[in-house]
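Okay, thanks for squeezing me in, everyone. Let me put the structure up and then we'll walk through it together.

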Amino acid sequence: MQYLVDAYNLLFRSTKKSGSLEQTRQQLIEELNEAVSKLNLQVILVFDGADKHFSHASRGHFNAVEVIYTPQGQTADEYISEEVIQSLKPA
C-alpha cells in the first residue's frame, strides 16, 4: 500500500522550524526515510512546488521515500486527490 503525504502539512505540524526551509525539509525527508526503511512502507512525500518552469510534477527518491514537487499552480492536496481518483479507476 502506498501512502501519499502532504509533506508541508506534516513538516509544519511535526517540527519546530529552526534553520532554513530547505534544511528543515531535508531533515524531515531523512527522518521519514529512516522510519519507512525499518517498516518497509511505500511513502510518497508531495510538496507544493513553486518552480515557474515546470508544467508537470518533478519526482525523485531519497532511498526508500519518493519525493514529488507539484508544478506551479497545483497544490499537494490537488495532486494527492488526482492520484487517489486515478487509482480508483484503473485503465
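I'll start with the overall layout, then go through the salt bridges, the surface patches and a few single residues.

Before anything else, keep in mind that this is a predicted model. The fold has three helices and four strands. Reading from the N terminus, the order is β-α-α-β-β-β-α. There are 91 residues in the protein, and 30% of them are buried. About 6,400 Å² is exposed, with carbon and sulfur atoms supplying 51% of that. If you take contacts between residues at least 6 apart in sequence, 44% of them join residues at least 24 apart.

Okay, salt bridges. How many does a search of the whole structure find? Two. As a reminder, side chains of opposite charge can pair when their charged atoms come close.

One of them sits inside a helix. Lys38 and Glu34 bring their side chains together at 3.4 Å, N to O. Both residues belong to helix 2, which covers residues 21-39, and they are four residues apart, so about one turn of the helix. On the accessibility side, Lys38 is exposed because its relative accessible area is 64%. Glu34, with 49%, comes out as partly exposed.

Then there's Arg59 with Glu66, where the side chains meet at 2.7 Å, N to O. Are these two partners buried or exposed? Well, it's one of each. Arg59 has a relative accessible area of 51%, so it counts as exposed. Glu66 has a relative accessibility of 12%, so that one is buried. So in this salt bridge, an exposed arginine is paired with a buried glutamate.

Let's move to the surface patches. Which residues make up the negative one? That would be Asp48, Asp77, Glu78 and Glu82, gathered on the surface. Asp77 is a handy one to click on: you'll find it in helix 3, residues 76-88. Asp77 is partly exposed, since its relative accessibility is 44%.

While you're there, have a look at Thr75. Thr75 is in the loop that runs between strand 4, residues 65-69, and helix 3. With 34% relative accessibility, Thr75 is also in the partly exposed class. What does Thr75 touch, if we leave aside its neighbours within four places in sequence? It's in contact with Asp48 and Thr70, and Asp48 is the one we just met in the negative patch. There's a long-range pairing to look at here too: Val46 and Thr75 are 29 residues apart in sequence, and their C-alpha atoms are 8.9 Å apart in space.

There's a nonpolar patch as well. Met1, Tyr3, Leu39 and Leu41 make it, and it comes to about 450 Å². Met1 is in the segment ahead of strand 1, which is residues 2-6. At 76% relative accessibility, Met1 falls in the exposed class.

Now for the backbone. Most residues other than glycine have a negative phi, and most peptide bonds are trans. Against that background, look at two asparagines. Asn40 isn't a glycine, but it has a positive phi of about 55°. Where is it? Asn40 sits in the loop joining helix 2 to strand 2, residues 42-47. Its relative accessibility of 71% puts Asn40 in the exposed class.

Asn63 also has a positive phi, about 55°, and again it's not a glycine. You'll find Asn63 in the loop between strand 3 and strand 4. Asn63 is exposed because its relative accessibility is 64%.

One more residue in that part of the chain, and then I'm done. His61 belongs to strand 3, which spans residues 58-62. With 61% relative accessibility, His61 counts as exposed. And how far is His61 from Leu45, C-alpha to C-alpha? The answer is 9.7 Å, for two residues that are 16 apart along the chain.

So, to recap: two salt bridges, a negative patch that includes Asp77, a nonpolar patch that includes Met1, and positive phi values at Asn40 and Asn63. That's what I had, and I'm happy to go back to any of these on the screen.

Terms used
Residues are numbered from 1 along each chain as its sequence is written. This is a predicted model: local features need pLDDT of at least 70, side-chain atom pairs count only at pLDDT 80 or more; totals for chains, interfaces and linings use all residues. Side-chain values use heavy atoms; hydrogens and water are left out. Patches are made of residues with over 30% relative accessible area and no salt bridge: like charges are joined within 9 Å, nonpolar side chains (Val, Leu, Ile, Met, Phe, Trp, Tyr) within 5 Å. Accessible areas come from the Shrake-Rupley method with a 1.4 Å probe; for residues, only the protein chains shown count as cover. A salt bridge is a side-chain nitrogen of Lys or Arg within 4 Å of a carboxyl oxygen of Asp or Glu. Lys and Arg count as positive and Asp and Glu as negative; His and the chain ends are not counted. The place of a charge is taken as NZ of Lys, CZ of Arg, CG of Asp or CD of Glu. Helices (H or I, at least four residues) and strands (E, at least two) are DSSP runs, numbered from the N terminus. Buried means under 20% relative accessible area, exposed over 50%, partly exposed in between (1.4 Å probe, protein chains only). Contact means heavy atoms within 4.5 Å.
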